[in-house]
Amino acid sequence: MTTSTSALTDFQKAILQGIPEELPPPKPYDPNVNHAPKRKDILTKEEKKLAVRNALRYFPKKWHEVLAKEFAEELERYGRIYMYRFRPDYPMYARPIHEYPHRSKQAAAIMLMIQNNLDPEVAQHPHELITYGGNGAVFQNWAQYLLTMQYLATMTDEQTLVMYSGHPLGLFPSHPDAPRVVVTNGLMIPNYSKPDDWERFNALGVTQYGQMTAGSYMYIGPQGIVHGTTITVLNAARMVKPDGDFGGMLFVSAGLGGMSGAQPKAAKIAGLVSVVAEVNPKPLHTRHKQGWVDEVIDDMETLIRRVREAKANKEAVSIAYLGNVVDVWEQFAEAGIRIELGSDQTSLHNPYAGGYYPVGISYEEANRMMAEEPERFKELVHASLRRHIAAVNRHAANGMYFFDYGNAFLLQASRAGADVLNPDGTFRYPSYVQDIMGPLCFDYGFGPFRWVCTSGDPQDLATTDAIALEVMRAMYEEAPGEIKPQLKDNILWIEHAQENHLVVGSQARILYADAEGRMRIAAAFNRAIREGRIKAPIVLGRDHHDVSGTDSPFRETSNIYDGSQFTADMAVHNFVGDAFRGATWVSLHNGGGVGWGEVINGGFGLVIDGSDDADRRLHQMLFWDVNNGIARRSWARNPHAMSTIRRAMQQEPKMKVTMPNLVDDELLEGLF
């Protein structure tokens, strides 16, 4: 972008300024915004001084006296230093790419993605820079945001920006084939990766919890999980009713903030009656306003009557209950309401700091207690989880299929002493990856491929939908029988994507695809950009929740049975391999949907612009991004992964993967 300084818009000038030259006035605390709860008071007096000292290093010394007191007050009041005073005055949303000041179009695309993550329509706690999950942060504070946007606006394609848990470490000389940005979040020495370590070091301002796609700038609103949720719910329903007649089936879960907001939309697409409970009225009403949930009910008797009616009439309807889900499970059991499918998507990776609200106390009292009486609050969470599981067990005894949705629900319930373990110490209920996503999707290479149209034009998104549909239909005709069901579900998904009104924030789409599908769709997009049928570059990406981006023994790799599910080599290999195969940015995180210290995630973003160079990058990077995970799953002896990697080796003669030699079970009997 070569626009003269005088021609710049106020927005562009603000981006280029970074930290303002004049100290801006304090900003009032907006009670209408959904704010993060107060964090635990965990720092010593000396550590609090260090936290303020750390925060002040972003600003000139002449401001220190004013800001020191202000930051100390923020730390005492909120448990963190967010630097609210420096929150920008301009509206926060993903603008068309040409509106960003830039010297690198790739960097402009990243600015777009960052602003989408912080859009109040998308972000869970936008003023605290948290996108979803209660603590999934894009940055630790507003100074980091301002500096990062300034760096991105001024960098060239021969520089790389290094992001250190939200902090922009700086621009370093690089080259066009290198990533424009390298992101790490929360990478800790292993012995310092417990939940309280996150509380302490995050309060000090030296690390953050990036979740999966919050701190890697790849969140696309609840749509980002709704497709996977639809696949999960559809296949869970097929386990109960293999004939596909789902009319009148009831799905019960919890959570409407962040990614969990996808649940009611997915259940409706699957043709079910759903009840999703949420204790916080703000995200509940946001999802209702956005059309992601049909009805809101705050009275239990009314809820029970409405559910009976919906089941009897076989409606496809989504109901949000403003209240605690434990009450729903217990009261439905007492009322004799049959629940066919059950799960939970509260943020139990973060159980004591806003991720889970115990039954029996108000939302407001819970927020007070978690900050002021943390040990008592922890006791209430554990008691609530024990009741929660007890009620789930009652419904399961009546034939309900219950699955853990990867939010550490079963893990935290077991730690709370709930009746959720089998005699051999395994969980009574499966992870959705074990029964569904692992064997049906990940082992075949299918995962959450995403794209964002940087023009911001809905017509571009419609064009990409049509292109993706054409590619998937062609693939279906050519595909081996074992992957035709996955392709068929994805064709159905993309056929109805426009009418299901999935877009919140950027003009984005998600589609589950394997390596071949991702490369063919991306290449078709690149041709369309080159031919002018799509107006601007496209950002390609994925959730880390995928075939190879994540090592997570209680979720993504829970169907790895060779004992390696607790290793994290694959995620690191994925991150490094994407970096030198052409990714525009790469990210590596500690933590995600199942918790800090429980998972390592690798992610990427790739900007395609219609060029031959983009075509080269997308083929070499996307092939690796999927197949390094398939190779690991094949080595673990997952049958579908073994057949998938053999097909991949036939397609690419440069690849040769070590295959396992299978052992007869009888040979091992009696050895020990």
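**Helix 8, the parallel sheet and the surroundings of Asn 559**

The buried residues of helix 8 are Ala 262, Gln 263, Pro 264, Lys 265, Ala 266 and Ala 267, as computed from a predicted model. Helix 8, which spans residues 262-269, is thus mostly covered, with 6 of its 8 residues buried. The packing partners of these buried residues are helix 7 (223-240) together with strand 6, strand 7 and strand 9. After helix 8 comes Gly 271, which has a positive phi, near 90°.

Strands 6, 7 and 9 belong to an open sheet of 6 strands, in which the pairing is parallel and the order is 8-9-7-6-10-11. The edges of the sheet are formed by strand 8 (295-297) and strand 11 (401-402), each of which pairs on one side only. Helix 10 (residues 300-313) also packs on the sheet, where it touches strand 6, strand 7 (273-278), strand 8 and strand 9 (317-322), and the direction of helix 10 makes about 170° with that of strand 9. Within the sheet, strand 6 (residues 250-254) pairs with strand 10 (residues 341-342) in the parallel sense over 2 bridges, and Leu 341 in strand 10 is the bridge partner of Phe 251.

Elsewhere in the chain, Asn 559 lies in the loop that runs between strand 15 (550-551) and helix 19 (569-580). Asn 559 is classed as buried because its relative accessible area is 3%, below the cut-off of 20%. The side chains of Asn 559 and Asp 443 are joined by a polar contact of 3.3 Å. Beyond its neighbours within four places in sequence, Asn 559 is in contact with Val 433, Gln 434, Gly 438, Pro 439, Asp 443, Arg 633 and Asn 638.

Note on methods: Residues are numbered from 1 along each chain as its sequence is written. This is a predicted model: local features need pLDDT of at least 70, side-chain atom pairs count only at pLDDT 80 or more; totals for chains, interfaces and linings use all residues. Side-chain values use heavy atoms; hydrogens and water are left out. Two strands pair if DSSP finds at least two bridges between them. Helices (H or I, at least four residues) and strands (E, at least two) are DSSP runs, numbered from the N terminus. Contact means heavy atoms within 4.5 Å. Axes are lines fitted to C-alpha atoms, for helices over the stretch in contact, and angles run from 0 to 180 degrees between N-to-C directions. Buried means under 20% relative accessible area, exposed over 50%, partly exposed in between (1.4 Å probe, protein chains only). A polar contact is a pair of N or O atoms within 3.5 Å; within protein, one must be able to donate a hydrogen and the other to accept it, and residues adjacent in sequence count only if both atoms are side-chain atoms.
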